[in-house]
Amino acid sequence: MRINEAQLKSIIDELTLDKEQLKEVASAMRFDMELALQGRESSMPMLCSYIGMPTGQEKGEFLALDFGGTNLRAELVSLKGDCQYEIVKMVAKPLVTEEYNLINGSASAEKVFDFIADMFAELLEGAENKTYYLGHTFSFPSQQTDIYNARLLVWTKEFAIPGVEGEVVNDLLQAAFDRKGLSNIKVVAVINDTVAELLTAGYQYPDTQIGCIYATGSNNCYMERTADVGRPAAIINMESGSFNKLAPSQWDNKLDEASEKPGRQRLEKMVSGRYMGELLSLTVQHLLNLQEKPEFTAIDMSGIMADTTAVASDAAKVISAKVGALEPGEAAYIRDLTEAIAIRSARIVAACFAGILWHVSGSGKIADQHIAIDGSVYEHMPHIKENVQKALYEILDEEAGAVTPMLLKDGSGLGAAIAAAVASKNI
Ligand code: BGC
């Protein structure tokens, strides 16, 4: 066998966060949140979203755009009041296929937003004379001045479309609709996907105060009930993926150096689906002493961990598809490494929750509540849900009993429609 057990153990140790370290991360998270809220230097921008929790009485038909993960989605959503809604119609297209790539340097703002406008033309076919208000879930860090105006600060998740950073994204979107003769679509609101998730949760679980995306990217928002200079009481998009007080391993540093934006999104690069597979690739290359770096994805990781048998023959199939034939015993060791990467991710996500819960509860007790989480990693990756829960108990002791993390799917469309309803009231 090519794997040296001592070397494996040392990599796993480097990727393990114990209870004390977790508590430190949670405290540092709260500290950085509060620095940013006071307008002081912080690793997280804590962006005001200019929207609060919904009433549930929002009504009407609205368009929703979900822009930010792996797929683009155009939706027609009907809000019926009393927290009732229906996704009437949806058109979804991937951002990257074998024929086109809408996220790298070969794309352009015009090309991407025209593509989106075409999706809405397909969605509305024949109904182009009616006026529709549209809410835009844009899942990247954006500085807002109101519910419509949000300038993209910086691309994340390895997106690199030229001509969008620094721009008001809704202006780019509206211009594309106008170019395509779809001026009946009025873009009225923009929100982050975490905010969309929290708005959606507010419809069904009104005690929810935290919205989380645990997918290609990683981020949290929460309802900040205290207003401050220049900012109303509103949902705050933390951009917790940019938190930088975690101790990175040498593998995290390697990954960061080779990324589109070195030095940025350090938490996200340790936690999210876009990056975890790459961490596995780097460590496996080292362990097996491979000339070329294999290309594992988060989906491969789930496949490896789904096999819980001692011989790990199914896991071996997934691994050998990337690295060639394995020697006996190697697959189970690589599965241990995969688990270490996944479990660290879940524990960091839980530490973020604990930091937010401490901030929100101040000197009081943590209130009974749900935490709304959406995303492929939380939904599908083995070991994640139970390790989020376990780490919450390690950090919060019995107070963790007040908190129920839950998977709440497809918040982006409904959240965008709710935001459009709120914004269009003032038109
Ligand atoms: C973005 C966030 C987003 C998260 C989840 C991150 O890369 O910066 O705005 O909420 O991904 O999609």
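**Exercise 1. Find what share of the chain's contacts between residues at least 6 apart in sequence joins residues at least 24 apart.**

Solution. Begin with the contacts in this predicted model whose two residues lie at least 6 apart in sequence; of these, 69% link residues at least 24 apart. Next, turn to burial: 56% of the 427 residues are buried, where buried means under 20% relative accessible area.

**Exercise 2. Work out how the chain's radius of gyration sits against the globule rule.**

Solution. First take stock of the secondary structure: the chain holds 14 helices and 13 strands. The radius of gyration is 22 Å, close to the 22 Å that the globule rule gives for 427 residues, so the chain is as compact as a globular protein of that length. Then add the spans along the principal axes, which for the C-alpha trace are about 70 × 55 × 35 Å.

**Exercise 3. Place strand E5 among its pairing partners, and decide how covered it is.**

Solution. Locate E5 at residues 132-138. On one pairing, strand E2 (residues 59-67) joins E5 in the parallel sense over 5 bridges, and Leu65 stands opposite His136 of E5. On another, E5 pairs with strand E8 (residues 185-191), also parallel, over 6 bridges; here Thr137 has Ile191 in E8 as its bridge partner. Finally, check the cover: 6 of the 7 residues of E5 are buried, so by the cut-off of under 20% relative accessible area the strand is mostly covered.

**Exercise 4. Describe the exposed surface and the charges of the chain.**

Solution. The chain exposes about 17300 Å², and carbon and sulfur atoms supply 49% of that area. Now compare the charges: there are 38 positive and 59 negative ones, and their mean positions are 2 Å apart.

Technical notes: Residues numbered from 1 in each chain as written. Predicted model: local features only at pLDDT ≥ 70, side-chain atom pairs only at ≥ 80, totals over all residues. Heavy atoms only, no water. Buried < 20%, exposed > 50% of the residue type's maximum accessible area, 1.4 Å probe, protein only. Helix = DSSP H or I, 4+ residues; strand = E, 2+ residues; numbered from the N terminus. Pairing = 2+ DSSP bridges. Rg over C-alpha atoms; globule rule 2.2 N^0.38 Å. Contact = heavy atoms within 4.5 Å. Areas by Shrake-Rupley, 256 points an atom, 1.4 Å probe, with all protein chains shown as cover. Lys, Arg positive; Asp, Glu negative; His and termini not counted. Charge placed at Lys NZ, Arg CZ, Asp CG, Glu CD.
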